[in-house]
Amino acid sequence: MEQDHHDHTHGTNKKALLISFVLIGSFMIIEAVGGWLTNSLALLADAGHMLSDAVSLAIALAAFKFGEKLADYSKTYGYKRFEILAAVFNGVTLVLISVFIFYEAIERFMDPPEVASTGMLLIAVVGLLVNLLVAWILKRGDTEHNLNLKAAFLHVMGDMLGSIGAIIAALSIMFFGWGFMDPLASVIVAVLILISGWRVSRESLHILMEGVPKNINMEDIVESLLNIDRVETIHGLHVWSITSGQNAMSLHAVVKGDMTVHESQKIIEDIEEKMQERGIDQVTVQIECKHHGHEDRLV
């Protein structure tokens with residue numbers, strides 16, 4: 001039943017990414033042409049971000065496809081880590097785009113060019129509507145647990161803010177003649193993009209470094225393990241993520257007295273059950289007697 005739910009979520013995520021890729025890729029071309037014709041840095045910056053979105057969505061789709069490949073003797077975990085590599089790429093791309101926008105905005109602050117505000121406003125409004133639609137589509141997927149989908153969602157949210165900034169800038173130019181609002185809107189969006197990119201990169205690298213998943217409380221894990229009947233101490237405890245939403249654990253459990261194979265198996269089943277309740281699906285346990293010779297340590 002759990003596997004059926006995982007497969008359904010996987011299919012929903014992939015479909016959401018495909019539809020989003022088509023919408024974002026199509027409007028990205030329109031916004032880039034519109035930004036060039038209206039001479040708007042805010043639109044061009046948003047188009048650049050949309051280009052990054054289109055690339056990241058394409059990579060995310062490829063990640064899901066690679067993730068479907070079965071494990072083999074060469075890659076015993078399969079290709080699920082490809083999703084995390086894609087998320088790293090997305091995060092780094094966001095950071096680079098924000099730096100480029102900062103660079104372009106500096107020149108515009110010193111010498112604000114003429115901007116066709118009416119055309120800029122029209123394109124920005126349509127862009128906002130497209131981003132709202134795409135954000136809604138992606139939100140229907142598993143953006144809470146799937147880091148790759150979350151990265152794509154953050155890209156789109158940045159686009160949405162970019163469209164709002166372009167709308168405000170266009171209205172300011174139209175009614176007040178404030179040419180500086182175009183580069184100012186770009187800088188504000190660049191800051192938001194930079195924050196999003198940093199967060200995605202940090203979370204992805206944490207997984208690649210096999211850090212403890214953020215939803216796992218190690219103190220609670222240790223306490224629950226030591227509360228299992230006949231478990232005296234534990235060591236060699238490691239908890240990590242294979243990919244977003246799939247956590248794994250390995251440990252050595254030192255038990256009191258000698259026991260039969262059946263009794264050892266019962267302890268292993270108790271450990272697996274307690275860990276699944278805490279979001280850890282793959283658990284590897286080695287049962288040891290007290291005279292085994294290991295020190296009492298976690299790692």
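**Aromatic pairs and a three-stranded sheet**

In this predicted model, the count of aromatic pairs comes to 2. One of them joins phenylalanine 176 and tryptophan 178, whose rings are stacked, with 4.7 Å from centre to centre and 25 degrees between the planes. The pair is classed as stacked because its planes lie under 30 degrees apart. Ring pairs link Phe176, Trp178 and Phe180 into a cluster. Two members of this cluster can be described by their accessibility. Phenylalanine 176 has a relative accessibility of 55% and therefore counts as exposed, the cut-off for this class being over 50%. Tryptophan 178, at 38%, counts as partly exposed.

The model also contains an open sheet of 3 strands, arranged in the order β1-β2-β3 with mixed pairing. Strands β1 (231–243) and β3 (282–289) stand at the edges; each has a single partner strand, so one side of each is left without a neighbour in the sheet. On average, neighbouring strands of the sheet are turned by 10 degrees against each other, direction ignored.

Within this sheet, β1 pairs with β2 (residues 246–255) in the antiparallel sense, over 9 bridges. Along this pairing, histidine 235 stands opposite histidine 252 in β2, and tryptophan 240 stands opposite alanine 248 in β2. The hairpin of β1 and β2 has 2 residues between the strands, and glycine 245 in this hairpin takes a positive phi near 85 degrees. Although β1 is an edge strand of the sheet, β1 is mostly covered, with 11 of its 13 residues buried.

Technical notes:
Residues are numbered from 1 along each chain as its sequence is written. This is a predicted model: local features need pLDDT of at least 70, side-chain atom pairs count only at pLDDT 80 or more; totals for chains, interfaces and linings use all residues. Side-chain values use heavy atoms; hydrogens and water are left out. Two strands pair if DSSP finds at least two bridges between them. Helices (H or I, at least four residues) and strands (E, at least two) are DSSP runs, numbered from the N terminus. Axes are lines fitted to C-alpha atoms, for helices over the stretch in contact, and angles run from 0 to 180 degrees between N-to-C directions. Buried means under 20% relative accessible area, exposed over 50%, partly exposed in between (1.4 Å probe, protein chains only). Rings of Phe, Tyr and Trp (its six-membered ring) pair if their centres lie within 6.5 Å; planes under 30 degrees apart count as stacked, over 60 as edge-to-face and the rest as tilted.
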